Amino acid sequence: MLSALLVLLGFFAGLLGAMTGIGGGVLLSPILALHFGIPIREAIGTSLVAVITTSAASSSVHLQRHTTDIRLGMTLELATSLGAAVTAFLVGYFNRNALEGIFAGFLLYSSVTILLRGGKIKDAEEPTVNEDGETVIPPYEPQRYPLGLGASLFAGGLSGLLGIGGGPIKVPVMYLFMNVPLMVATATSNFMIGVTAAASAVVYYRRGDILVGLAAPLAVGVFLGSLLGARLAPRIHTKYVVYLLVAIMLYLAGHLFVHLLTGKSA
Amino acid sequence: MSQLREPAFDRVVALVLRVGAFGCFFIMLAGLLMGLFVHTHIPGDIERAGVLLMLATPVVRVLVAGVLFLREKDWKYGAISFGVLAILLLGAVFGIGEH
């Protein structure tokens, strides 16, 4: 039965996403498009609901550890939500093939980047803890706001176009260029994803591109999967999970290209 | 200016997100389970309510943070929050009915 299958799909996407730190949303849209016969635009809109669910659940955990910079996040959200709303609007005029091509390109690019880094996605930075068990964050002052806002506009645009979180763009920009500690950059990026995804999701919804009957079981599965994944992550070697994720991403990219060239599923 | 140590602020915003995520999860789950036994439009309507509340959660989060900033007399970040809120609402208004 379809709903049960979607709960399962969401569960594994959420599990992989939470264990590797790469949002599971990037897997959901191509799988919905290629294996469930959902047009790519509706697939993207539908998986946005799962992306918002994951972000809300995981950033509430980061907030309780006080590692999120709400001021920085809110400032950059001006740019991410603007970018996301604009591209979500423009997607209505894109043809399906262009969207599938961009998605395949993005999957390929992400896979190659992860492989070049030797399968390391998550930060190696261990949080320092003081005697009260609180996380200690070195004092910092965010720098280069124009650059951060520009990168956020781009990340938001990509998010509205493909229904993804855009963490792989925001985290390095905050960490490398804005002088923000990696732990804070990761938590803050996660915090921003919900609002960014919501900015495009409302546009997709009004256009009828969120299929509620599919979005609900997916979100339920993703929620459960990411709860479990977050608990498992510290206990297992995530490196192999990352390679599994890369293998799935490469398969989906190849499948999308074949789909584009032949006009039918491989 | 960056201030990370504002436990009360963090807690309120975290609460909004947690209530949204858990609440919507249970609403959508209820709709799904009901759909196994009830064959009317009701389970679908419940699922739609869950999805819409999920979309509304980040919007409420921005609104709550904005109000908290204003209460702290932090006008700059209050204004930024309401700017984000305006973008979110404009997106909802302008996406109307294009099929």
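Student: What does S81(B) touch, leaving aside residues up to four places away in sequence?

Tutor: In this predicted model, S81(B) touches M74(A) as well as V62(B), A65(B), G66(B) and F69(B). S81(B) itself belongs to helix α3 of chain B, residues 75–94.

Student: What makes these residues count as touching?

Tutor: The criterion is heavy atoms within 4.5 Å. M74(A), on the list for S81(B), is thus a partner from chain A.

Student: Why is S81(B) called buried?

Tutor: The relative accessibility of S81(B) is 1%. Buried means under 20%, so S81(B) qualifies.

Student: Why does F69(B), one of the residues touched by S81(B), count as buried?

Tutor: The value for F69(B) is 1% relative accessibility. The limit is under 20%, and F69(B) is therefore classed as buried.

Student: How many aromatic pairs are found over all chains?

Tutor: The search of the whole structure gives seven.

Student: Why is the pair of F11(A) and F12(A) called edge-to-face?

Tutor: The ring centres of F11(A) and F12(A) are 5.6 Å apart, and the planes stand at 85 degrees. Pairing requires centres within 6.5 Å, and an angle over 60 degrees counts as edge-to-face, so both conditions hold for F11(A) and F12(A).

Student: Why are F11(A) and F12(A) called partly exposed?

Tutor: F11(A) has a relative accessible area of 23%, and F12(A) has 47%. Buried means under 20% and exposed over 50%, with partly exposed in between; both F11(A) and F12(A) therefore fall in the intermediate class.

Student: What makes the pair of F9(B) and F69(B) tilted?

Tutor: The centres of F9(B) and F69(B) are 4.9 Å apart and the planes differ by 45 degrees. Stacked pairs need planes under 30 degrees apart and edge-to-face pairs over 60, so the angle of 45 degrees leaves the tilted class.

Student: Why is this pair said to tie together parts that are apart in sequence?

Tutor: F9(B) is in helix α1 (residues 7–37) of chain B, whereas F69(B) is in helix α2 (residues 42–71) of chain B, so the parts they join are 60 residues apart in sequence. F9(B) is also buried, at 6% relative accessible area.

Student: Which residues form one aromatic cluster?

Tutor: The cluster consists of F223(A), F22(B), F25(B) and F26(B).

Student: How do you know that R61(B) lies over the face of F191(A)?

Tutor: R61(B) is placed at 3.6 Å from the ring centre of F191(A). The distance limit is 6 Å, and the charge must also be within 35 degrees of the ring normal. R207(A) is likewise listed over the face of Y204(A), at 5.0 Å from the ring centre.

Student: How many residues of chain A and chain B are in contact?

Tutor: Contacts join 58 residues of chain A to 49 residues of chain B. The two chains bury about 4,700 Å² between them, with 70% of that area on carbon and sulfur atoms.

Student: What makes the meeting of R71(A) and D74(B) a salt bridge?

Tutor: The N to O distance between the side chains of R71(A) and D74(B) is 2.6 Å. A salt bridge requires within 4 Å, so R71(A) and D74(B) satisfy the rule. The count between chain A and chain B is three salt bridges.

Student: Which element gives the most to the side of chain A that touches chain B?

Tutor: Elements that each supply at least two residues to that side include α1 (2–20), α3 (40–64) and α8 (182–207) of chain A. The largest contribution, 13 residues, is from α8(A).

Student: Why is helix α2 of chain A described as largely enclosed?

Tutor: Helix α2 (residues 25–35) of chain A has 11 residues, of which 10 are buried, so the rest of the structure largely encloses it. Just after α2(A), G37(A) takes a positive phi of about 65 degrees.

Student: Why is K73(B) called exposed?

Tutor: K73(B) has 59% relative accessibility, and exposed means over 50%, so K73(B) meets the criterion. K73(B) is in the loop between α2 and α3 of chain B and has a positive phi of about 60 degrees, although it is not a glycine.

Key
Residues numbered from 1 in each chain as written. Chains lettered and ligands numbered in written order. Predicted model: local features only at pLDDT ≥ 70, side-chain atom pairs only at ≥ 80, totals over all residues. Heavy atoms only, no water. Phe/Tyr/Trp six-rings, centres within 6.5 Å; stacked < 30°, edge-to-face > 60°. Buried < 20%, exposed > 50% of the residue type's maximum accessible area, 1.4 Å probe, protein only. Helix = DSSP H or I, 4+ residues; strand = E, 2+ residues; numbered from the N terminus. Buried area = accessible area lost by both parts, 1.4 Å probe.
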